[in-house]
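Please look through the sequence and the structure shown here before reading on. The report that follows takes up charged side chains, aromatic rings and the surface in turn.

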Amino acid sequence: MSLSRQLIILIAVLVLLLFAGTFAISVNNMRAYLESQLASHAQDAATSLGLSATTHVEAEDQALVTAMVNAIFHRGDYLSIRFEDLHGRTGIERVAELEVDDVPDWFTRLFPLQAPMREATVMSGWRQLGRVEVTSHPGLAYRQLWQTSTQTLNLFLVGALLAVLAGTIVLRLLLRPLKAIERQATAICNREFPLVDRRPFTTEFRRVVDAMNRLSGKVGRMLEDVQAVYANFDISDEEMANFA
């Protein structure tokens, strides 16, 4: 496997690990924020319903209290609403199924949202009349979490693709001096002694190129000196070639 391919694989692995860590932190933070919003939403609904139903509960007008609960519950924003009396007996209860549209089941299992239950006391002056419990439906929160996750994933894929393309181009430019050095070494083996004119801007490669240029120049001059010495002894070109 070539060095450039190994470096590209290394870059891809590092980018993948970076994304995995960033994605996990982002999703967990988003989950915590959405759960706090669900709790706040449930508490606001419980408080509002407890205050608005006080008069009807005190008058024991079950029909109007039921109508108020149904009106709020049928909006679809709540998983359950329950009225209890002072003895803990359930007077009115509405429960919805936990179904989330447009979000895969595997996502809801992998990133579950805990929908907290909040309660408020139904008061008439200083007298307690009962209690109302409200649990927000996490469907909207799941959809928001799913959209955020998919947008983050798409952004990562685009960024990773650009990073790999940029890394490939940069690596080819950086490793180009190695091909020049390879051609120079092959030429030296063929008794040719070229010099690499273009010095790379990378310090390590520049040192290697300078060293190869010095080697090529010294070996060329050494062979020229040897040829000059043996020329005085009238040695044939074939014998000189065999010596070289």
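## Salt bridges

In what kind of contact do the side chains of E119 and R131 meet? In this predicted model, the side chains of E119 and R131 come together in a salt bridge, with a distance of 3.2 Å from N to O. This pair links distant parts of the chain, since E119 belongs to strand β3 (residues 117-124) and R131 to strand β4, 12 residues apart. Both partners are partly exposed, E119 with a relative accessible area of 37% and R131 with one of 28%.

A search of the whole structure finds five salt bridges, and R131 takes part in others besides the one with E119. With E84, R131 forms a salt bridge in which the closest N and O atoms are 2.6 Å apart; because E84 lies in strand β1 (residues 78-84) and R131 in strand β4 (residues 127-136), this pair ties together parts that are 47 residues apart in sequence. R131 also forms a salt bridge with E133, where the closest N and O atoms are 2.9 Å apart. Unlike the partly exposed R131, E84 is buried, with a relative accessible area of 11%, and E133 likewise counts as buried at 7% relative accessibility. Taken as a group, R82, E84, E119, R131 and E133 are linked in a network of salt bridges. As a general point, side chains of opposite charge can pair when their charged atoms come close.

## Aromatic rings

How many aromatic pairs are counted in the model? The count comes to seven aromatic pairs. One of them joins W106 and F107, whose ring centres are 5.9 Å apart and whose planes stand at 85°, so this pair is edge-to-face. F107 also pairs with F111, and here the ring centres are 5.1 Å apart with the planes at 55°, so the pair is described as tilted.

The residues in these pairs differ in how much of them is accessible: W106 is partly exposed, with a relative accessible area of 46%, whereas F107 counts as buried at 2% relative accessibility, and F111 is buried as well. Ring pairs link F19, F23, W106, F107, F111, W146 and F156 into a cluster.

## A negative patch on the surface

On the surface, E97, E99, D101 and D102 form a negative patch. Among these residues, E97 is found in the loop between β2 (90-95) and α4 (105-110). Why does E97 count as exposed? Its relative accessibility is 60%, and a residue is called exposed when this value is over 50%.

Terms used. Residues numbered from 1 in each chain as written. Predicted model: local features only at pLDDT ≥ 70, side-chain atom pairs only at ≥ 80, totals over all residues. Heavy atoms only, no water. Patch = residues over 30% accessible without salt bridge, like charges linked within 9 Å, V, L, I, M, F, W, Y side chains within 5 Å. Areas by Shrake-Rupley, 256 points an atom, 1.4 Å probe, with all protein chains shown as cover. Salt bridge = Lys/Arg side-chain N within 4 Å of Asp/Glu carboxyl O. Lys, Arg positive; Asp, Glu negative; His and termini not counted. Charge placed at Lys NZ, Arg CZ, Asp CG, Glu CD. Helix = DSSP H or I, 4+ residues; strand = E, 2+ residues; numbered from the N terminus. Buried < 20%, exposed > 50% of the residue type's maximum accessible area, 1.4 Å probe, protein only. Phe/Tyr/Trp six-rings, centres within 6.5 Å; stacked < 30°, edge-to-face > 60°.
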